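Dear colleague,

I am passing on the model we spoke about, and my notes on it follow below the structure. Please read them alongside the coordinates and tell me where you would look further.

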Amino acid sequence: MTEVSASERPAPSLPLREIPGSRVLVPVMGQGTWGMGESRAAFAREVEALRLGVELGMTLIDTAELYAAGGAERVVGEAVRDCRERVFLVTKIWPSNAGRREALAALAGSLGRLRTDYVDAVLLHWPTRSVPLAETLAAFREMQERGLARFTGVSNFNLPWLQAAWQALQPGQHLAFNEVPYGLGDRRAERSVLPWARERGQLLLAYSPLAHGRFRRWAGWDRLEGMARRLGVPPAQLALAWLVRQPAVVAIPKAVQPGHVRQNAEAARLPLEEATLAELEAAFPRPPRELRPQLPPYNLFFGLVLAATRLTAQGARA
């Protein structure tokens, strides 16, 4: 992504959000890749979907070494091979690779699959006690110093883990992102994680904003559908439009169908009146509980998950 001063910002095709503490701009609507790279038959279609999204202004692409055991990163690498300079690439390191040597090796593998010599942001995919946070964050700083990653961050960190991460930061170090589930149907992040992001200068990457396509099961679905009908837009588009109007939030829905890709991009520009926002808030009230608790902090657990994912991906590529 291009660095520009506030007075030199270009007229965007999508609304932009500045990464706090920098002059780097990213679109409020990006693209997720969970589920991509699992089938050879779908590879070309997934590549074209990401390329269409980039052309429509959704130039932030989120992926991870876990997704299809690197298969999603290969899809992304092919999609951005001739437009890398226009794309803000985010990838994530699995907790079993949270140690210094393991993290550097994992990022090297991701860079190879992404066909690039750097990522714009690298995140720790889940917290773990198997490796001290200070060691992982020191590895992240080394990645930045070596030009392998421009920004760093975390993923699936609730408030206690965010507080621990801040205590482990080196002087001058900052975590620019926290990636968590967030959307109309899951507003737990608003309890503490989103306020923390706003106060500490983070952007929140909102994944699963449409519950992996299961948003019709939301308790407020009927009201959402009725509102969308009145406005003449798809319900999913209305839900995404609400989401990207939350300060410090970037949505990263996944889409493969061209029509869905276009709907996602259009959601970033969909005007919503205050009365509409208030009706959505009432239909989907904030839950009393906090974001999900941490996962078991064991390398064995995370290693088995990654191994199972690799076996699944190998079967899909066979």
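Asn156 counts as buried, at 6% relative accessibility, where buried means under 20% relative accessible area, exposed over 50% and partly exposed in between, with a 1.4 Å probe and protein chains only. This is a predicted model, in which local features need pLDDT of at least 70 and side-chain atom pairs count only at pLDDT 80 or more, while totals for chains, interfaces and linings use all residues. Residues are numbered from 1 along each chain as its sequence is written, and side-chain values use heavy atoms, with hydrogens and water left out.

Asn156 has a positive phi of about 60° although it is not a glycine, and its place is in the loop between S6 and helix H5 (159-168); helices (H or I, at least four residues) and strands (E, at least two) are DSSP runs, numbered from the N terminus. As background, most residues other than glycine have a negative phi. Ala68, likewise not a glycine, has a positive phi of about 50°; Ala68 lies in the loop between S3 and helix H2 (71-79) and is buried, with a relative accessible area of 5%.

Both loops follow strands of an open sheet of 7 strands, whose order is S3-S4-S5-S6-S7-S8-S9 with parallel pairing; two strands pair if DSSP finds at least two bridges between them. Strand S3 (60-62) and strand S9 (249-251) stand at the edges, each with a single partner strand, so one side of each is left without a neighbour in the sheet. On average, neighbouring strands of this sheet are turned by 25° against each other, direction ignored, with axes taken as lines fitted to C-alpha atoms, for helices over the stretch in contact, and angles running from 0 to 180 degrees between N-to-C directions.

Within this sheet, strand S7 (residues 177-181) is mostly covered, since 5 of its 5 residues are buried. Phe177, Glu179 and Pro181 point one way from S7, whereas Asn178 and Val180 point the other way, and all are buried. Strand S6 (residues 149-155) runs parallel to S7 and is joined to it by 3 bridges, with Ser155 standing opposite Glu179. S7 is in turn joined by 5 bridges to strand S8 (residues 203-207), again in parallel, and here Val180 stands opposite Ala206. From S7 the chain crosses through helix H6 (residues 193-200) to S8 in a right-handed β-α-β crossover, that is, one whose path from the first strand over the helix to the second runs clockwise with the strands pointing away from the viewer.

Gly183 lies in the loop between S7 and H6 and counts as buried at 2% relative accessibility. Gly183 and Phe215 are 32 residues apart in sequence and 9.8 Å apart in space, C-alpha to C-alpha.

Finally, the structure holds 1 cavity of 30 Å³ or more, with a volume of about 30 Å³. Its lining includes Met36, Leu50, Met58 and Asn264.

With best regards

Terms used
On a 1 Å grid over the protein atoms alone, a cavity is a set of points where a 1.4 Å probe fits but cannot get out, and a pocket is an open set with protein on both sides within 12 Å along at least five of seven lines; lining residues have an atom within 4 Å of a point. Grid points are joined across faces, edges and corners, and a volume is the space filled by probe spheres set on the points.
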